[in-house]
Every structure is written in structure tokens, then in C-alpha cells.
Amino acid sequence: MQPRTPLILCILLSQVLLLTSADDLDCTPGFQQKVFHINQPVEFIEDQAILNLNFSDCKGNDKLHYEVSSPYFKVNDEGGLVALRNVTAVGKTLFVHARTPHAEDMAELVIVGGKDIQGSMQDIFKFARTSPVPRQKRSIVVSPILIPENQRQPFPRDVGKVVDSDRPEGSKFRLTGKGVDQEPKGIFRINENTGSVSVTRTLDREAIATYQLFVETTDVNGRTLEGPVPLEVIVIDQNDNRPSFREGPYVGHVMEGSPTGTTVMRMTAFDADDPATDNALLRYNIRQQTPDKPSPNMFYIDPEKGDIVTVVSPALLDRETMENPKYELIIEAQDMVGQLYGLLGTATATILIDDKNDHSPEFTKKEFQATVEEGAVGVIVNLTVEDKDDPTTGAWRAAYTIINGNPGQSFEIHTNPQNNEGMLSVVKPLDYEISAFHTLLIKVENEDPLVPDVSYGPSSTTTVHITVLDVNEGPVFYPDPMMVTRQENISMGSVLLTVNATDPDSLQHQTIRYSVYKDPAGWLDINPINGTVDTTAVLDRESPFVHNSVYTALFLAIDSGDPPATGTGTLLITLEDVNDNAPFIYPTAAEVCDDAKNLSVVILGASDKDLHPNTDPFKFEIYKQAVPDKVWKVSKINNTHALVSLLQNLNKANYQLPIMVTDSGKPPMTNVTDLRVQVCSCKNSKVDCNAAGALHFSLTSVLLISLFSLACL
């Protein structure tokens, strides 16, 4: 088999939109020359013409626009390619894209001797350069295809052609890759016989910027003869995306009085177009400022960075003199480096002028007057201040201090958070008779410290003159409460004490009369003139009106004022106990079986309303026993209890047994109580007391009750 002659594949870069009428048959839209070769100079000189390009859309070139693949070059209005600044190396190739509403085309500038650097095509058109094809014996050598995005109908349209000068007869071209047989499928195709590559629809660079395709030749059976060779399709950006501000709302703050040039905030817009082209190269501008006072140009925005800074003097940046301390700026971002044909995006920036404490609070008066009745408490006057600072900050909020005239701490002052006023209050009642006038010195400060060049002046202090009004005060008992100790049962008419009440209104010379206010038991009387208290009944310590041996009564002292004023005094009488209550026994009834083997009848307890030593130990006895001797017996259990028992069984009947109990008082007191004992028939676990009378207490129950009472001692 003879060796095959190497195939030479050329990708012809010709993207031309033809809108040709019948009258333009002699005009071919596009560049008249599409490929140029120049030698790499030592340096491209700024504004020096490199070559002239000749483009025509056959319609007069209205709105002709050029794009260069390197940011260091441009095409001027005469079609001259010039450098924007002195530059030494720009790579091996430059591409110039020309576009009008009627046609567009691409020209290639090959720089002989240029070095392949990161820049031009890679940065501007965003495609990954493949490594140079190794120098080996193969016939497929390719270059990228450039296709502008947003092309209009008709489709499909040819974008390049693969030419094989030594292709075996019957062989075919085959194209594969993303955009052909991989999603998104069907965008590109190749004529298998001629090698023409075509695009079938409009491309969007923002969706896919490059397509990596592969070209190969196959025989009639589909077997690969040559390749695959990578073929890169690069979508050329068009300015089809407006700048947009994505990070709003934009709110900035600047302190009032800030130096000129203070940075307030940064505005950043986004452009979805190719960031390596002018399509995404933004410039910022302030379109409108609201309000426009005190200057229509309070702020400046860096056109490239988007930084908003102040441009007025610190004196104009005075929050207190501004009509409104909030400014709204309409910010424009325009692509194409801000050229008139660039697309615009807008956003609103809100700038708040923050307050600093550069104004001290000042009282609205040098002196304030207040009146208050003696004995009253509460707010007596509101002190008003003025402060030009921001009411929502600590630079406005006031803090008041009493610095003189309050030795007894009778006054306090607090800030009203609603209006910033100082509320001066009396917290300890004032006495007209001690002092009818008070003078306070009060200062006011802010919660936040003042700025260094501002201080508190004389207007930050004020004097408050307080007049105390005389009030007819009620007489005051001394001491209160009054306390006396007496034995109970003292005779009626006994003098307990003489109360003493004085009138605080010492300057009014008033008389005082006394009366009983509360005397629960009705035991007392008082002389209305001299206040002598005596008894009108016997005082009984055991009365329900006495608590813990103390009887409480209330008296009134009434002065002769108009209207009269009343004072209340409390008398506490401690009653000492005397032995005036006889003890009593419990229980007073019992049951016992007529055939009981246990002859115990009941356990008796005794109690006494008096206090020790007029109570226990108690003495229990049978008083004038009416039955034969040696039938009943009383035995002492302890100081308060005794056991009653039988010495022999008795017949069914009711028995009255007189029990005498005596306390330990001096002299002692005795009480005799009948103990009713029922002797019942107890057979087959049944108790029958009918024959003995209608008592329903079993002996067992009585014993249990008695034992329980004993256990509780």
C-alpha cells in the first residue's frame, strides 16, 4: 500500500451576513481582505497606524462598529488599526470583528515572529488554546472557527470549510462532539463530501462560549482514516446584556462633617457579556441626586471602581442644617467603557448622613419654678431642653443630674424617653414646718460624649425653685403604738394611760380632741380633752377579742383646723393571766360491758383556759360517791389525764359518777362534772345498751378516744 499524501485541512474563517438586494450584485459584503501578515515590531507605538481595513456592508456602513481581540488596539473611524498604548508583545494573531445592521465579518492579522502569550484570543474570546499539533506525519491541522453570537436568519449558514487535497476517493468527513452528536445536539454539521461546516441556529455566548468539536475522515464503511482532530468553535461576544446591580438595596452611611473625599460606599454592577471585551467594561455615573441641597453635587462616583465619595466641604455636610439627612442617588452603569452606544443599568443608592454629638443640650429656661404640698410625692415639674442632634441617637438623649440642694435625697430626676424632658420628683415627703423653700441646681448631658471641639456651656445647667405649701396635717401620736400591761379582771374605771398626740402644724396653734376609733370588746373610754384612757368593763384575757394575750384598740386625735385633720394611734394592752377559769374534763360519757374482764372504763383528760401555772398538773377525784365503796377507782396517768375503772362488774344500768378536777392555781379552782357510764350487755360480739339507756358510745370507742387524747399530750 502506497503511503498517503498528508491531508491539509484549512478552516476558512468567513462569517458574513449577506442582505444583498438585486441592485447590489456587484458588491460582496465584508472585509475586502480577510488575512493580513505583518512582522512583529520591537514595539507597537501608541496611536500609530498599523494597517488599514476595508469593510463594506454594501448599504453605506451605517452604525459600523469594530471589535478587536486585544484590549490594546482599536479601529478608528477611517478603518485604521492603531495601538491604544505602547505595547511590545500581543501574541501571534489578532482578530477584528466588524458589524453593521446589515452585515458582519472577521479579519485575521497574523503577526510573523509573535510569541504565543496569555492574552488576546484567550482572554478576549475565552477559548482554551490547544497545544500545538506535534510535528508528526499526520494530515489534519486545524484552527479555531469564530462565530458571532445572535446571528439572524437564514440558517443553516456556512461558517468554515475543511479542504483535503489528498483525500481518498469515496472517503467522507465526519464531525462529532458537544453541539453535534452530544447535547446540545444539532447545532453544527459538516457536509461529508465537501467539508463545509455550518451552524443551524443562533448562538448565545453567555450560555456556551466555546464548542470543542472533532473532525475525521472515514471510508465508505465508516472506519476512521484520519483523525479525529480537535476543532474549536469560539462564540464571539456581542453587547447584548445590560449591566445589572444584583446586591441591593444599596445603603451607605457617612458621618456628618466628614472630610472631603470620604468614601461612603461602593456600587458594583454585573454584565453577563465577555469581561475581556468592552461589552462588559463598565463605567459608573451619578445621574441624579435627591435632594439637591445644599449642593447638587454632594457626591462623586469613581467611574471605574464605583466608589461613592463626598465632594463637599465638611461644613456643608452638616446634618442639622440639611433639609433632609437622607440622599438618594440614581447610579448608572454603562458598558462599552461608557460610550454613548453602550447599554445602561441603573440602581438607587441611599446615603444617610449620620449624626455626631456636636451640639450640647441646653435648657429652655435659666430657672424653673415648682410647688408641692408638704407630705406629697411624685413629679412636680418637667424640665425642657433643646438639642439639635438626631433624636434617635445617644447624641440627643439627655441625662439629668442634681448637683446641689438635695442633701436629704428628697428629690430625684429621670429622663422622659418620649420627649427628652427631665421629670423632677419628690421621693421623700417634704415638711413645710422644717423648710418651706428648696433650691436645686441641675445639669444635663448627653448619653454619648461630645465631640472634642464641643463642650457643655452655662445653658446646660439650670436652677429649680421649689415652694412647699402648708397642709393641715393630722396630729401624730407618740409613741405609736402605745403599750401597757395590766392584769385581767381589773375593776371598771381603772386608768390605763394618758395618750399624747402633737400637731405637726406648729405654726397654726390648733387644739386637739380625742375619741375612741376601734374598741372591739367595748372595754375602753378616753377623755376627749386630756386623752386619759380608762376601763368601762372587766378586761378578760380569755376573750375572743384578745389574741396572744394582747388586746388592740385604736384612738383618734382630731385638730381644730378647717377642715380638721385626723391622726390615728394604736394602743396594745398586754393582759396578765389570773386563775379565773376552772378546769373541765372530757369525755363526759362512757360505756362498759357487764361481763367485761377488763374493768377499765375511760381515760379522762382535763383542760383550762388559763395560762401556766394556773393550769396543770390537775388533780382528779370521785366526788361524793353514791354507790357502795370499792366500786369505782380514779388513777392518775400524768399531769393532765386519769383512768376511771371498776373494781367489780355492774348490772346493766346508767350510772352518774361525779368527777372533781382541780387546777394548780393559787388559789386553785375546782370543777365537778358528772361522768355518765352505761353498763351494757355484750354477747356474741354485739353490744346491747337498750336496757341501760339510749347512749351509743361503746366502751371500746371511749377508750380509743381517751387514749388518742392522751397520746396527743
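This report covers the overall make-up of a predicted model, the surroundings of Glu-488 and one four-stranded sheet.

The protein chain contains two helices and 50 strands. Of its 713 residues, 44% are buried. Among contacts between residues at least 6 apart in sequence, 68% join residues at least 24 apart.

Glu-488 sits in the loop that runs between β34 (482-487) and β35 (495-498). Glu-488 is buried but takes part in no salt bridge. The nearest side chain of opposite charge belongs to Arg-541, at 4.3 Å; a salt bridge requires a side-chain nitrogen of Lys or Arg within 4 Å of a carboxyl oxygen of Asp or Glu, so this pair does not count as one. The backbone of Arg-541 does approach Glu-488: the backbone nitrogen of Arg-541 is 2.7 Å from a polar atom of the Glu-488 side chain. Beyond neighbours within four places in sequence, the contacts of Glu-488 include Leu-539, Asp-540, Arg-541 and Glu-542. Glu-576, Asp-577, Val-578, Asp-580 and Asp-610 are also in contact with Glu-488.

A separate topic is the open sheet of four strands, ordered β42-β44-β47-β46 with antiparallel pairing. Its edge strands, each paired on one side only, are β42 and β46. On average, neighbouring strands of this sheet are turned by 30° against each other, direction ignored. β46 and β47 are joined by five bridges in the antiparallel sense, and Lys-633 stands opposite Ser-645 in β47.

Residue ranges of three strands in this sheet are listed below.

| Strand | Residues |
|---|---|
| β42 | 584-586 |
| β46 | 632-636 |
| β47 | 641-646 |

Technical notes:
Residues are numbered from 1 along each chain as its sequence is written. This is a predicted model: local features need pLDDT of at least 70, side-chain atom pairs count only at pLDDT 80 or more; totals for chains, interfaces and linings use all residues. Side-chain values use heavy atoms; hydrogens and water are left out. Buried means under 20% relative accessible area, exposed over 50%, partly exposed in between (1.4 Å probe, protein chains only). Lys and Arg count as positive and Asp and Glu as negative; His and the chain ends are not counted. A polar contact is a pair of N or O atoms within 3.5 Å; within protein, one must be able to donate a hydrogen and the other to accept it, and residues adjacent in sequence count only if both atoms are side-chain atoms. Contact means heavy atoms within 4.5 Å. Two strands pair if DSSP finds at least two bridges between them. Axes are lines fitted to C-alpha atoms, for helices over the stretch in contact, and angles run from 0 to 180 degrees between N-to-C directions.
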